[in-house]
Amino acid sequence: MDIQHIAQRWLIIITVLLCVILALVFAAIQTGLL
Amino acid sequence: MKKKTQTFLWLVFYFLLVFLPLVLLMILPRPEGREFLREVSVSLGFLAMALLGLQTIPTSRLKFFTKAFPMDTLYTFHHGLSIFTFLIALAHPVLLFINNPETLRLLNLIQAPWRARAAVISIVAMILLVISSVWREMMKLKYDVWRWIHDGLSFLAIGLALYHMFKVNYYMSLTHQKIIWLTLTGIWTAIILYIRVVRPIILIKKPYKVARLEEERGQCWSLYLEPDGHEGMDFEAGQFAWLTAESPFIFRENPFSFSTNADHDDRYIGFTIKELGDFTNQIKHLEMGQTIYVDGPYGTFSMDEHECKKMVFIAGGIGSAPIMSMLRTLADRGDQRPIIFFYGNPTWDTVIYREELDTLEEKLDMNLVHVLEKPPENWEGESGFITTEIMRRHLPQDYRAAIFFICGPLPMIKAVEGCFKELDVPPTHVFSEQYEMA
(Lines give C-alpha, C1' and ligand atoms only; values in the text may rest on other atoms or scores of the structure.)
Protein backbone atom coordinates (compact mmCIF):
# COMPACT_ATOMS: atom_id res chain seq x y z
CA MET A 1 0.00 0.00 0.00
CA ASP A 2 1.39 3.42 -0.87
CA ILE A 3 1.87 6.17 1.67
CA GLN A 4 -1.17 8.16 0.56
CA HIS A 5 -3.49 5.19 1.02
CA ILE A 6 -1.86 4.39 4.38
CA ALA A 7 -2.36 8.02 5.47
CA GLN A 8 -6.01 7.87 4.39
CA ARG A 9 -6.58 4.71 6.43
CA TRP A 10 -4.91 6.28 9.48
CA LEU A 11 -7.02 9.41 9.13
CA ILE A 12 -10.16 7.27 9.38
CA ILE A 13 -8.75 5.37 12.40
CA ILE A 14 -7.82 8.65 14.15
CA THR A 15 -11.29 10.08 13.41
CA VAL A 16 -12.99 6.98 14.86
CA LEU A 17 -10.82 7.05 18.00
CA LEU A 18 -11.27 10.79 18.53
CA CYS A 19 -15.04 10.49 18.12
CA VAL A 20 -15.26 7.73 20.73
CA ILE A 21 -12.89 9.48 23.14
CA LEU A 22 -14.57 12.90 22.80
CA ALA A 23 -18.03 11.41 23.23
CA LEU A 24 -16.98 9.66 26.44
CA VAL A 25 -15.10 12.72 27.76
CA PHE A 26 -18.06 15.00 27.04
CA ALA A 27 -20.44 12.62 28.85
CA ALA A 28 -18.00 12.31 31.76
CA ILE A 29 -17.73 16.10 32.07
CA GLN A 30 -21.50 16.56 31.91
CA THR A 31 -22.15 13.92 34.56
CA GLY A 32 -19.42 15.22 36.86
CA LEU A 33 -17.12 12.21 36.45
CA LEU A 34 -14.35 14.48 35.17
CA MET B 1 1.15 26.76 -2.24
CA LYS B 2 3.45 23.88 -1.32
CA LYS B 3 1.87 20.45 -1.22
CA LYS B 4 2.85 19.85 2.42
CA THR B 5 1.28 23.17 3.48
CA GLN B 6 -1.83 22.31 1.51
CA THR B 7 -2.10 18.87 3.12
CA PHE B 8 -1.60 20.41 6.57
CA LEU B 9 -4.29 23.04 5.94
CA TRP B 10 -6.63 20.35 4.66
CA LEU B 11 -6.16 18.34 7.85
CA VAL B 12 -6.73 21.41 10.07
CA PHE B 13 -9.87 22.25 8.10
CA TYR B 14 -11.06 18.64 8.38
CA PHE B 15 -10.59 18.37 12.14
CA LEU B 16 -12.21 21.78 12.68
CA LEU B 17 -15.27 20.79 10.65
CA VAL B 18 -15.69 17.52 12.54
CA PHE B 19 -14.73 18.34 16.11
CA LEU B 20 -15.08 22.09 16.65
CA PRO B 21 -18.80 22.06 17.61
CA LEU B 22 -18.30 19.41 20.31
CA VAL B 23 -15.03 20.90 21.60
CA LEU B 24 -16.67 24.34 21.93
CA LEU B 25 -19.54 22.71 23.76
CA MET B 26 -17.02 21.23 26.21
CA ILE B 27 -15.11 24.40 26.94
CA LEU B 28 -17.86 27.04 26.90
CA PRO B 29 -20.77 27.43 29.37
CA ARG B 30 -23.57 24.98 28.62
CA PRO B 31 -26.83 23.57 30.04
CA GLU B 32 -26.67 21.00 32.86
CA GLY B 33 -25.71 17.43 32.07
CA ARG B 34 -28.05 14.47 32.24
CA GLU B 35 -27.48 10.70 32.43
CA PHE B 36 -24.11 9.37 31.16
CA LEU B 37 -25.52 7.27 28.30
CA ARG B 38 -27.76 10.12 27.20
CA GLU B 39 -24.79 12.49 27.01
CA VAL B 40 -22.70 9.94 25.08
CA SER B 41 -25.66 9.57 22.70
CA VAL B 42 -25.99 13.35 22.25
CA SER B 43 -22.28 13.85 21.57
CA LEU B 44 -22.32 10.98 19.02
CA GLY B 45 -25.32 12.67 17.41
CA PHE B 46 -23.37 15.94 17.07
CA LEU B 47 -20.35 14.12 15.64
CA ALA B 48 -22.53 12.14 13.21
CA MET B 49 -24.11 15.40 12.01
CA ALA B 50 -20.70 17.01 11.44
CA LEU B 51 -19.41 13.92 9.60
CA LEU B 52 -22.57 13.61 7.53
CA GLY B 53 -22.23 17.15 6.23
CA LEU B 54 -18.50 16.67 5.71
CA GLN B 55 -19.21 13.83 3.25
CA THR B 56 -20.03 16.49 0.64
CA ILE B 57 -16.34 17.44 0.52
CA PRO B 58 -14.12 14.43 -0.45
CA THR B 59 -15.98 13.77 -3.69
CA SER B 60 -16.57 17.44 -4.51
CA ARG B 61 -13.43 17.53 -6.75
CA LEU B 62 -12.48 20.92 -5.33
CA LYS B 63 -8.89 21.54 -6.43
CA PHE B 64 -7.85 22.43 -2.89
CA PHE B 65 -8.43 18.79 -1.91
CA THR B 66 -7.62 16.98 -5.12
CA LYS B 67 -4.19 18.59 -5.27
CA ALA B 68 -3.37 17.28 -1.79
CA PHE B 69 -4.71 13.73 -2.14
CA PRO B 70 -5.19 11.23 -5.00
CA MET B 71 -8.80 11.11 -6.13
CA ASP B 72 -9.20 7.37 -5.50
CA THR B 73 -7.94 7.95 -1.93
CA LEU B 74 -10.59 10.64 -1.42
CA TYR B 75 -13.29 8.26 -2.64
CA THR B 76 -12.05 5.42 -0.38
CA PHE B 77 -11.95 7.91 2.48
CA HIS B 78 -15.55 8.92 1.71
CA HIS B 79 -16.67 5.24 1.64
CA GLY B 80 -14.97 4.35 4.95
CA LEU B 81 -16.03 7.47 6.80
CA SER B 82 -19.62 7.22 5.55
CA ILE B 83 -20.02 3.76 7.09
CA PHE B 84 -18.63 5.03 10.41
CA THR B 85 -20.93 8.08 10.23
CA PHE B 86 -23.92 5.80 9.71
CA LEU B 87 -22.89 3.62 12.67
CA ILE B 88 -22.58 6.52 15.13
CA ALA B 89 -25.79 8.10 13.80
CA LEU B 90 -27.48 4.77 14.55
CA ALA B 91 -25.80 4.57 17.97
CA HIS B 92 -27.36 7.93 18.87
CA PRO B 93 -30.98 6.65 19.20
CA VAL B 94 -29.94 3.15 20.32
CA LEU B 95 -28.15 4.59 23.37
CA LEU B 96 -31.17 6.79 24.14
CA PHE B 97 -33.43 3.71 24.02
CA ILE B 98 -31.08 1.77 26.33
CA ASN B 99 -30.90 4.73 28.71
CA ASN B 100 -34.66 5.14 28.79
CA PRO B 101 -36.76 2.44 27.06
CA GLU B 102 -39.78 4.76 27.20
CA THR B 103 -38.20 6.80 24.41
CA LEU B 104 -38.94 3.88 22.07
CA ARG B 105 -42.41 5.40 21.65
CA LEU B 106 -40.71 8.12 19.54
CA LEU B 107 -40.48 5.51 16.79
CA ASN B 108 -44.25 5.72 16.37
CA LEU B 109 -44.31 8.18 13.48
CA ILE B 110 -48.04 8.86 13.86
CA GLN B 111 -47.85 10.11 17.42
CA ALA B 112 -44.24 11.22 17.70
CA PRO B 113 -43.36 14.94 17.54
CA TRP B 114 -41.87 16.27 14.27
CA ARG B 115 -38.34 16.39 15.68
CA ALA B 116 -38.46 12.62 16.26
CA ARG B 117 -40.15 11.94 12.90
CA ALA B 118 -37.37 13.89 11.17
CA ALA B 119 -34.72 11.85 13.02
CA VAL B 120 -36.32 8.52 12.11
CA ILE B 121 -36.69 9.43 8.43
CA SER B 122 -33.10 10.72 8.39
CA ILE B 123 -31.84 7.37 9.75
CA VAL B 124 -33.97 5.46 7.21
CA ALA B 125 -32.48 7.64 4.43
CA MET B 126 -29.00 6.76 5.72
CA ILE B 127 -29.81 3.04 5.74
CA LEU B 128 -31.00 3.31 2.12
CA LEU B 129 -27.86 5.30 1.26
CA VAL B 130 -25.61 2.57 2.63
CA ILE B 131 -27.58 -0.24 0.94
CA SER B 132 -27.73 1.49 -2.47
CA SER B 133 -24.02 2.38 -2.34
CA VAL B 134 -22.51 -0.84 -1.00
CA TRP B 135 -24.67 -3.12 -3.18
CA ARG B 136 -25.07 -0.82 -6.20
CA GLU B 137 -23.58 -3.30 -8.68
CA MET B 138 -25.55 -6.22 -7.24
CA MET B 139 -28.73 -4.13 -7.54
CA LYS B 140 -27.73 -3.35 -11.15
CA LEU B 141 -28.23 0.39 -10.60
CA LYS B 142 -26.78 2.49 -13.40
CA TYR B 143 -24.18 4.98 -12.16
CA ASP B 144 -26.09 8.12 -13.11
CA VAL B 145 -29.38 6.81 -11.67
CA TRP B 146 -27.59 5.77 -8.48
CA ARG B 147 -25.97 9.20 -8.25
CA TRP B 148 -29.33 10.97 -8.32
CA ILE B 149 -30.66 8.56 -5.67
CA HIS B 150 -27.48 9.04 -3.63
CA ASP B 151 -27.73 12.84 -3.76
CA GLY B 152 -31.49 12.84 -2.99
CA LEU B 153 -31.09 10.57 0.02
CA SER B 154 -28.07 12.57 1.22
CA PHE B 155 -29.99 15.87 1.11
CA LEU B 156 -32.87 14.21 2.94
CA ALA B 157 -30.62 12.69 5.62
CA ILE B 158 -28.64 15.91 6.20
CA GLY B 159 -31.66 18.25 6.06
CA LEU B 160 -33.81 16.21 8.42
CA ALA B 161 -30.94 15.58 10.85
CA LEU B 162 -30.34 19.34 11.02
CA TYR B 163 -34.05 19.98 11.58
CA HIS B 164 -34.04 17.38 14.38
CA MET B 165 -31.02 18.97 16.03
CA PHE B 166 -32.40 22.51 15.95
CA LYS B 167 -35.86 21.40 17.14
CA VAL B 168 -34.53 19.38 20.12
CA ASN B 169 -32.95 22.69 21.10
CA TYR B 170 -31.13 21.59 24.25
CA TYR B 171 -27.47 22.33 23.55
CA MET B 172 -28.57 24.06 20.37
CA SER B 173 -30.15 26.79 22.51
CA LEU B 174 -26.60 28.16 22.89
CA THR B 175 -25.86 31.05 20.53
CA HIS B 176 -22.35 29.84 19.62
CA GLN B 177 -23.75 26.41 18.68
CA LYS B 178 -26.41 28.00 16.49
CA ILE B 179 -23.75 30.11 14.76
CA ILE B 180 -21.34 27.26 14.20
CA TRP B 181 -23.96 24.85 12.84
CA LEU B 182 -25.42 27.49 10.54
CA THR B 183 -21.88 28.22 9.29
CA LEU B 184 -21.26 24.50 8.67
CA THR B 185 -24.61 24.23 6.87
CA GLY B 186 -23.56 27.20 4.73
CA ILE B 187 -20.28 25.49 3.80
CA TRP B 188 -22.01 22.21 2.88
CA THR B 189 -24.67 24.06 0.85
CA ALA B 190 -22.00 26.05 -1.00
CA ILE B 191 -20.15 22.84 -1.90
CA ILE B 192 -23.35 21.15 -3.10
CA LEU B 193 -24.20 24.21 -5.21
CA TYR B 194 -20.69 24.17 -6.65
CA ILE B 195 -20.97 20.48 -7.61
CA ARG B 196 -24.52 20.63 -8.95
CA VAL B 197 -24.68 24.10 -10.53
CA VAL B 198 -21.41 26.03 -10.78
CA ARG B 199 -19.15 23.29 -12.14
CA PRO B 200 -21.58 22.16 -14.88
CA ILE B 201 -21.90 25.81 -16.00
CA ILE B 202 -18.10 26.16 -16.12
CA LEU B 203 -17.89 22.97 -18.21
CA ILE B 204 -20.59 24.14 -20.64
CA LYS B 205 -18.66 27.37 -21.16
CA LYS B 206 -15.49 25.43 -22.03
CA PRO B 207 -16.50 22.63 -24.42
CA TYR B 208 -14.15 20.44 -26.46
CA LYS B 209 -14.79 18.82 -29.79
CA VAL B 210 -13.65 15.49 -31.17
CA ALA B 211 -10.65 16.10 -33.42
CA ARG B 212 -9.41 12.57 -34.05
CA LEU B 213 -10.27 9.00 -33.13
CA GLU B 214 -7.73 6.21 -33.60
CA GLU B 215 -8.16 2.51 -33.04
CA GLU B 216 -5.51 0.95 -30.81
CA ARG B 217 -4.72 -2.65 -29.96
CA GLY B 218 -6.73 -4.53 -27.33
CA GLN B 219 -10.17 -3.00 -28.10
CA CYS B 220 -8.96 0.48 -27.23
CA TRP B 221 -9.49 3.85 -28.85
CA SER B 222 -7.39 6.99 -28.62
CA LEU B 223 -9.67 10.00 -28.50
CA TYR B 224 -8.16 13.40 -29.31
CA LEU B 225 -10.05 16.56 -28.37
CA GLU B 226 -9.48 20.19 -29.20
CA PRO B 227 -10.78 23.16 -27.19
CA ASP B 228 -13.80 24.79 -28.79
CA GLY B 229 -13.51 28.56 -28.44
CA HIS B 230 -11.17 28.68 -25.44
CA GLU B 231 -7.54 28.14 -24.50
CA GLY B 232 -7.89 24.55 -23.32
CA MET B 233 -6.31 23.20 -20.17
CA ASP B 234 -2.89 22.50 -18.73
CA PHE B 235 -2.42 19.11 -17.13
CA GLU B 236 0.40 17.09 -15.65
CA ALA B 237 1.37 13.83 -17.30
CA GLY B 238 -0.39 11.02 -15.43
CA GLN B 239 -3.45 13.04 -14.41
CA PHE B 240 -7.00 12.29 -15.49
CA ALA B 241 -10.32 13.99 -16.27
CA TRP B 242 -14.01 13.13 -16.32
CA LEU B 243 -15.53 13.06 -19.80
CA THR B 244 -19.11 13.26 -20.94
CA ALA B 245 -20.76 13.61 -24.32
CA GLU B 246 -24.00 14.77 -22.69
CA SER B 247 -24.98 17.81 -20.65
CA PRO B 248 -22.74 18.17 -17.57
CA PHE B 249 -25.99 18.60 -15.58
CA ILE B 250 -26.85 14.93 -16.24
CA PHE B 251 -23.74 13.64 -14.41
CA ARG B 252 -23.26 10.67 -16.75
CA GLU B 253 -19.49 11.06 -16.83
CA ASN B 254 -16.50 8.73 -16.73
CA PRO B 255 -12.91 9.25 -15.55
CA PHE B 256 -10.07 8.66 -18.05
CA SER B 257 -6.35 9.32 -17.83
CA PHE B 258 -4.72 11.70 -20.27
CA SER B 259 -2.47 9.66 -22.52
CA THR B 260 -0.90 12.51 -24.48
CA ASN B 261 2.20 14.60 -23.92
CA ALA B 262 1.49 17.16 -21.20
CA ASP B 263 3.98 19.68 -22.58
CA HIS B 264 2.59 19.77 -26.08
CA ASP B 265 1.66 23.31 -27.09
CA ASP B 266 -1.03 22.47 -29.68
CA ARG B 267 -3.74 22.50 -26.94
CA TYR B 268 -5.04 19.09 -28.04
CA ILE B 269 -5.70 16.60 -25.26
CA GLY B 270 -5.93 12.86 -25.72
CA PHE B 271 -7.24 9.84 -23.85
CA THR B 272 -6.93 6.14 -24.58
CA ILE B 273 -10.12 4.31 -23.69
CA LYS B 274 -10.82 0.60 -23.53
CA GLU B 275 -14.23 -0.77 -24.46
CA LEU B 276 -15.46 -1.95 -21.10
CA GLY B 277 -18.98 -0.63 -20.58
CA ASP B 278 -21.88 1.55 -21.70
CA PHE B 279 -19.96 4.78 -22.37
CA THR B 280 -16.65 3.26 -23.43
CA ASN B 281 -18.41 1.03 -26.00
CA GLN B 282 -19.79 4.19 -27.64
CA ILE B 283 -16.38 5.90 -28.07
CA LYS B 284 -15.85 4.42 -31.54
CA HIS B 285 -19.19 5.90 -32.66
CA LEU B 286 -18.29 9.48 -31.72
CA GLU B 287 -18.43 11.85 -34.67
CA MET B 288 -15.75 14.34 -35.67
CA GLY B 289 -16.59 17.75 -34.22
CA GLN B 290 -18.96 16.26 -31.63
CA THR B 291 -19.00 18.19 -28.35
CA ILE B 292 -17.38 16.59 -25.30
CA TYR B 293 -17.19 18.18 -21.84
CA VAL B 294 -13.98 17.64 -19.91
CA ASP B 295 -13.84 18.06 -16.15
CA GLY B 296 -10.23 18.09 -15.09
CA PRO B 297 -7.37 17.76 -14.66
CA TYR B 298 -7.30 15.80 -11.42
CA GLY B 299 -4.92 13.47 -9.62
CA THR B 300 -1.48 13.39 -8.10
CA PHE B 301 -0.31 10.34 -10.09
CA SER B 302 2.47 12.13 -11.90
CA MET B 303 6.25 12.16 -11.98
CA ASP B 304 6.04 15.96 -11.72
CA GLU B 305 4.32 15.67 -8.31
CA HIS B 306 7.17 13.76 -6.69
CA GLU B 307 10.94 13.86 -6.58
CA CYS B 308 12.06 11.04 -8.86
CA LYS B 309 15.68 10.23 -9.60
CA LYS B 310 14.69 6.85 -11.04
CA MET B 311 11.25 5.67 -12.01
CA VAL B 312 9.61 2.28 -12.10
CA PHE B 313 6.30 2.11 -13.94
CA ILE B 314 4.01 -0.88 -13.55
CA ALA B 315 0.83 -1.11 -15.58
CA GLY B 316 -1.72 -3.68 -16.59
CA GLY B 317 -3.54 -3.27 -19.94
CA ILE B 318 -5.21 0.13 -20.26
CA GLY B 319 -3.48 1.16 -16.99
CA SER B 320 -0.66 2.11 -19.36
CA ALA B 321 -2.56 5.26 -20.48
CA PRO B 322 -1.27 7.60 -17.72
CA ILE B 323 2.18 5.95 -17.95
CA MET B 324 2.17 6.65 -21.68
CA SER B 325 1.42 10.30 -20.98
CA MET B 326 4.43 10.41 -18.65
CA LEU B 327 6.70 8.59 -21.13
CA ARG B 328 5.67 10.83 -24.04
CA THR B 329 6.25 13.92 -21.90
CA LEU B 330 9.63 12.69 -20.64
CA ALA B 331 10.71 11.88 -24.21
CA ASP B 332 9.61 15.32 -25.37
CA ARG B 333 11.68 16.91 -22.60
CA GLY B 334 14.72 14.81 -23.50
CA ASP B 335 14.71 13.47 -19.94
CA GLN B 336 17.32 10.76 -19.43
CA ARG B 337 16.47 9.58 -15.92
CA PRO B 338 16.52 5.76 -15.73
CA ILE B 339 13.12 4.10 -16.17
CA ILE B 340 11.93 0.52 -15.92
CA PHE B 341 8.46 -0.21 -17.24
CA PHE B 342 6.81 -3.53 -16.33
CA TYR B 343 3.89 -3.84 -18.70
CA GLY B 344 1.43 -6.69 -18.23
CA ASN B 345 -1.00 -7.72 -20.97
CA PRO B 346 -3.05 -10.82 -21.81
CA THR B 347 -1.40 -11.42 -25.22
CA TRP B 348 1.16 -9.86 -27.58
CA ASP B 349 -1.64 -8.68 -29.85
CA THR B 350 -3.35 -6.73 -27.07
CA VAL B 351 -0.27 -4.69 -26.08
CA ILE B 352 -1.50 -1.11 -26.45
CA TYR B 353 1.07 1.39 -27.91
CA ARG B 354 3.37 -1.57 -28.75
CA GLU B 355 5.19 0.04 -31.68
CA GLU B 356 5.42 3.50 -30.09
CA LEU B 357 6.89 1.98 -26.93
CA ASP B 358 9.75 0.56 -29.00
CA THR B 359 10.49 4.08 -30.27
CA LEU B 360 10.24 5.53 -26.77
CA GLU B 361 12.64 2.87 -25.47
CA GLU B 362 15.23 4.26 -27.86
CA LYS B 363 14.59 7.90 -26.97
CA LEU B 364 14.52 7.36 -23.21
CA ASP B 365 16.84 5.54 -20.80
CA MET B 366 14.12 2.91 -20.47
CA ASN B 367 14.07 -0.82 -19.95
CA LEU B 368 10.69 -2.07 -21.16
CA VAL B 369 9.66 -5.44 -19.70
CA HIS B 370 6.62 -6.99 -21.37
CA VAL B 371 4.88 -9.59 -19.23
CA LEU B 372 2.34 -11.66 -21.18
CA GLU B 373 -0.30 -13.84 -19.64
CA LYS B 374 -0.55 -16.00 -22.76
CA PRO B 375 2.69 -15.48 -24.68
CA PRO B 376 3.05 -16.52 -28.33
CA GLU B 377 5.20 -19.50 -29.30
CA ASN B 378 8.96 -18.92 -29.07
CA TRP B 379 8.38 -15.96 -26.71
CA GLU B 380 11.62 -15.26 -24.86
CA GLY B 381 10.31 -12.52 -22.59
CA GLU B 382 8.51 -12.70 -19.26
CA SER B 383 5.22 -14.55 -18.98
CA GLY B 384 2.40 -14.96 -16.47
CA PHE B 385 1.69 -12.10 -14.11
CA ILE B 386 4.06 -9.42 -12.78
CA THR B 387 5.65 -11.16 -9.78
CA THR B 388 8.40 -10.48 -7.25
CA GLU B 389 10.76 -12.81 -9.17
CA ILE B 390 10.16 -10.97 -12.45
CA MET B 391 10.80 -7.62 -10.75
CA ARG B 392 13.96 -8.94 -9.05
CA ARG B 393 15.31 -10.05 -12.42
CA HIS B 394 14.98 -6.57 -13.94
CA LEU B 395 15.28 -4.03 -11.13
CA PRO B 396 18.69 -2.47 -10.48
CA GLN B 397 20.44 -3.10 -7.16
CA ASP B 398 19.49 0.33 -5.78
CA TYR B 399 15.80 -0.04 -6.69
CA ARG B 400 14.68 1.13 -3.23
CA ALA B 401 15.72 4.65 -4.24
CA ALA B 402 13.34 4.63 -7.21
CA ILE B 403 9.79 5.98 -7.26
CA PHE B 404 7.22 3.33 -8.22
CA PHE B 405 4.04 4.21 -10.13
CA ILE B 406 1.37 1.51 -10.47
CA CYS B 407 -1.82 1.80 -12.49
CA GLY B 408 -4.33 -0.90 -13.20
CA PRO B 409 -7.28 -2.80 -11.82
CA LEU B 410 -7.46 -3.19 -8.03
CA PRO B 411 -6.48 -6.93 -7.94
CA MET B 412 -3.32 -6.14 -9.92
CA ILE B 413 -2.43 -3.23 -7.63
CA LYS B 414 -2.93 -5.43 -4.55
CA ALA B 415 -0.77 -8.19 -6.06
CA VAL B 416 2.03 -5.76 -6.95
CA GLU B 417 1.89 -4.15 -3.51
CA GLY B 418 2.38 -7.64 -2.08
CA CYS B 419 5.53 -7.92 -4.21
CA PHE B 420 6.74 -4.57 -2.84
CA LYS B 421 6.52 -5.93 0.70
CA GLU B 422 8.78 -8.82 -0.28
CA LEU B 423 11.11 -6.42 -2.04
CA ASP B 424 11.07 -4.05 0.95
CA VAL B 425 10.13 -1.04 -1.19
CA PRO B 426 9.46 1.97 1.09
CA PRO B 427 5.72 2.88 1.04
CA THR B 428 6.75 6.54 0.63
CA HIS B 429 8.16 5.60 -2.80
CA VAL B 430 4.96 4.01 -4.10
CA PHE B 431 2.12 5.81 -5.88
CA SER B 432 -0.82 3.91 -7.23
CA GLU B 433 -3.97 4.71 -9.10
CA GLN B 434 -6.84 2.29 -9.49
CA TYR B 435 -9.58 2.47 -12.09
CA GLU B 436 -12.62 2.03 -9.91
CA MET B 437 -13.58 5.03 -7.79
CA ALA B 438 -17.28 5.66 -7.19
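## Where chain A meets chain B

Five residues of helix α1 in chain A, A:T15, A:L18, A:L22, A:F26 and A:I29, meet B:V18, B:F19, B:L22, B:L25 and B:M26 of α1(B), with contact meaning that C-beta atoms placed from the backbone lie within 7 Å. By class, this α1(A)–α1(B) contact has nine nonpolar residues, one polar and no charged ones; Ala, Val, Leu, Ile, Met, Phe, Trp, Tyr, Cys and Pro count as nonpolar, Asp, Glu, Lys and Arg as charged, and the others, Gly among them, as polar.

All of this comes from a predicted model, where local features need pLDDT of at least 70, side-chain atom pairs count only at pLDDT 80 or more, and totals for chains, interfaces and linings use all residues. Residues are numbered from 1 along each chain as its sequence is written, while chains are lettered from A and ligands numbered from 1 in the order in which they are written.

Here's the geometry of the helix pair (helices are DSSP runs of H or I with at least four residues, strands are E runs with at least two, numbered from the N terminus):

| Helix | Residues |
|---|---|
| α1(A) | residues 3–30 |
| α1(B) | residues 3–27 |

Their axes, lines fitted to C-alpha atoms over the stretch in contact with angles from 0 to 180 degrees between N-to-C directions, come within 11 Å and cross at roughly 15 degrees. That makes α1(A) roughly parallel to α1(B), the label for angles under 35 degrees.

Overall, the contact takes 27 residues from chain B and 21 residues from chain A. On the chain B side, α4(B) gives the most, with seven residues. That side has 18 nonpolar, seven polar and two charged residues.

As for scores, the model gets ipTM 0.97 and pTM 0.87.

Key. Angles under 35 degrees count as roughly parallel, over 145 as roughly antiparallel, 65 to 115 as roughly perpendicular and the rest as oblique. Two residues are in contact if their C-beta atoms, placed from the backbone, lie within 7 Å.
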